[in-house]
Amino acid sequence: MALKYYEHYERIYKGFYDHGIFIDPRIDDEYVNISENDSRHGGSKILKTFQQLFNPLRVYCPYDKQEAIQNVTSMIKYLGNLEYINSEKYIKLKLYQYFLEVYSSEKTEIGRGIIEIFETTGYSPKFWINSNDNCYRPKRIIMTSDEIDILKSILIQSCDIDSVESQWPRTIQTSKFNIYEYFYNYLLMDWNIQIVPKRVMNKNTQTFVDYKQNPFMISDKEKRLKDEIISIKANYKLEDRIQFFK
């Protein structure tokens with residue numbers, strides 16, 4: 001199914017959203033802006049949730065690994081049982097599901113005052129230290145801009161959430177494999193679909209690794225839709241292509 005075309009997404013470029021917007025795939029025209037201070041669309045709440053999950057020592061000290069896993073599992077169950085979840089809660093659910101895999105990994109170490117998830121996730125941010133903490137170890141703080149960059153990477157690469165970019169015009173960043181089917185309308189309107197590697201949990205190494213589609217596994221439907229887009233673009237002006245939207 002193709003993503004519905006929204007012309008106003010073009011205004012994201014050099015707009016109010018420094019880090020772009022994140023599209024909710026379930027609901028037409030629903031999105032989240034993630035920023036440190038902007039509470040619109042629940043973006044700052046998602047950032048706070050991520051900060052607590054990615055570096056819990058900043059907020060609290062998990063007693064042990066089982067407690068950390070139980071906390072995440074409880075939130076997944078709570079959100080999953082809601083009759084309706086908005087875009088903010090949907091993205092939070094995707095994050096909790098991601099961190100359940102992270103916390104469950106054999107490579108992840110969690111104990112009183114200790115949490116090491118960076119080998120598991122593959123992200124190694126720089127820290128500065130705040131010693132005024134009630135944990136056994138000093139509180140480790142990551143620059144918020146770095147946290148947002150890592151959060152964005154995780155959402156796109158591991159949570160199947162796409163981003164309309166603010167740094168490049170008419171650009172969507174995704175890790176989806178079926179770009180000609182899903183972004184058909186945007187490709188038809190000369191948008192750039194920037195593909196980044198999908199990152200999945202490798203059960204053998206117990207770490208998240210890049211996973212790229214085998215070029216020989218591209219479906220016939222994708223090839224047909226690609227050729228169809230090329231043909232329409234060659235024969236119709238931009239303003240006339242809307243009649244071919246899916």
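Arginine 170 sits in the loop between β7 and β8, the latter spanning 171–174. In this predicted model, the phi angle of arginine 170 is near 50°, a positive value in a residue other than glycine. Glutamine 206 offers a second case: its phi is positive too, at about 60°, although it is not a glycine. You will find glutamine 206 in the loop between β10 (198–202) and β11 (207–211). With a relative accessible area of 15%, glutamine 206 is buried, because the cut-off for that label is under 20%.

Let us step back to the whole chain for a moment. The protein has eight helices and 11 strands. Of its 246 residues, 47% are buried. If you take contacts between residues at least 6 apart in sequence, 58% of them join residues at least 24 apart.

Back at the loop that holds arginine 170, the strand on one side is β7, which covers residues 162–164 and contains serine 163. Is serine 163 buried or exposed? Its relative accessible area is 0%, so serine 163 is buried. The side chain of serine 163 reaches the backbone oxygen of isoleucine 21 at 3.5 Å. Beyond the residues within four places in sequence, serine 163 is in contact with His19, Ile21 and Phe22, with Lys152 and Ile156, and with Thr171, Ile172 and Gln173.

Now follow the chain to helix α5, which runs over residues 144–158. Just ahead of this helix comes methionine 143, in the loop between β6 (139–142) and α5. Methionine 143 has a relative accessibility of 48% and therefore counts as partly exposed. Its C-alpha atom is separated by 8.6 Å from that of proline 125, a residue 18 places away along the chain.

Glutamine 157 lies within α5 itself. At 12% relative accessibility, glutamine 157 counts as buried. Where does the side chain of glutamine 157 reach? It comes to the backbone oxygen of proline 197, at 2.7 Å. Setting aside neighbours within four places in sequence, the contacts of glutamine 157 are Tyr123, Ser175, Val196, Pro197, Lys198, Arg199 and Asp210. One of these, Lys198, is in contact with glutamine 157 and belongs to β10, the strand of residues 198–202.

Helix α5 also packs against helix α3, residues 87–104. The angle between them is about 85°, and their axes are 11 Å apart. Because angles of 65 to 115 degrees count as roughly perpendicular, that is how α3 stands to α5. On the α3 side the contact is made by Ile91, Leu95 and Tyr98, while α5 brings Leu151, Ile154, Leu155 and Ser158. Which kinds of residue meet here, nonpolar, polar or charged? Six are nonpolar, one is polar and none is charged.

Leucine 95 is a good residue to follow inwards from this contact. Not counting residues up to four places away in sequence, leucine 95 touches Leu151, Ile154 and Leu155, and also Ile46, Phe50 and Leu53. The largest nonpolar core has 40 residues, and Leu95 is among those that touch the most other members, along with Phe54, Phe99, Tyr103 and Leu155. Helices α1 (43–54), α2, α3 and α5 each supply at least two residues of this core. The largest share, nine residues, comes from α3. In soluble globular proteins, nonpolar side chains tend to be buried together. A second, separate core holds 25 residues, including Ala2, Ile12, Tyr184 and Tyr186.

For a last stop, turn to helix α2, residues 65–80, which holds leucine 79. Leucine 79 is buried, with a relative accessible area of 4%. Leaving aside neighbours within four places in sequence, leucine 79 is in contact with Ile85, Lys89, Lys92, Leu93 and Tyr96. Lysine 89 is 10 residues from leucine 79 in sequence, and their C-alpha atoms are 7.2 Å apart in space. Lys89, Lys92, Leu93 and Tyr96 are among the contacts of leucine 79, and α3 covers residues 87–104, so the walk ends with α2 touching the helix that we met against α5.

Definitions and conventions:
Residues are numbered from 1 along each chain as its sequence is written. This is a predicted model: local features need pLDDT of at least 70, side-chain atom pairs count only at pLDDT 80 or more; totals for chains, interfaces and linings use all residues. Side-chain values use heavy atoms; hydrogens and water are left out. Axes are lines fitted to C-alpha atoms, for helices over the stretch in contact, and angles run from 0 to 180 degrees between N-to-C directions. Helices (H or I, at least four residues) and strands (E, at least two) are DSSP runs, numbered from the N terminus. Angles under 35 degrees count as roughly parallel, over 145 as roughly antiparallel, 65 to 115 as roughly perpendicular and the rest as oblique. Contact means heavy atoms within 4.5 Å. Ala, Val, Leu, Ile, Met, Phe, Trp, Tyr, Cys and Pro count as nonpolar, Asp, Glu, Lys and Arg as charged, and the others, Gly among them, as polar. Buried means under 20% relative accessible area, exposed over 50%, partly exposed in between (1.4 Å probe, protein chains only). A polar contact is a pair of N or O atoms within 3.5 Å; within protein, one must be able to donate a hydrogen and the other to accept it, and residues adjacent in sequence count only if both atoms are side-chain atoms. A nonpolar core is a set of buried Ala, Val, Leu, Ile, Met, Phe, Trp, Tyr and Cys residues joined through side-chain atoms within 4.5 Å.
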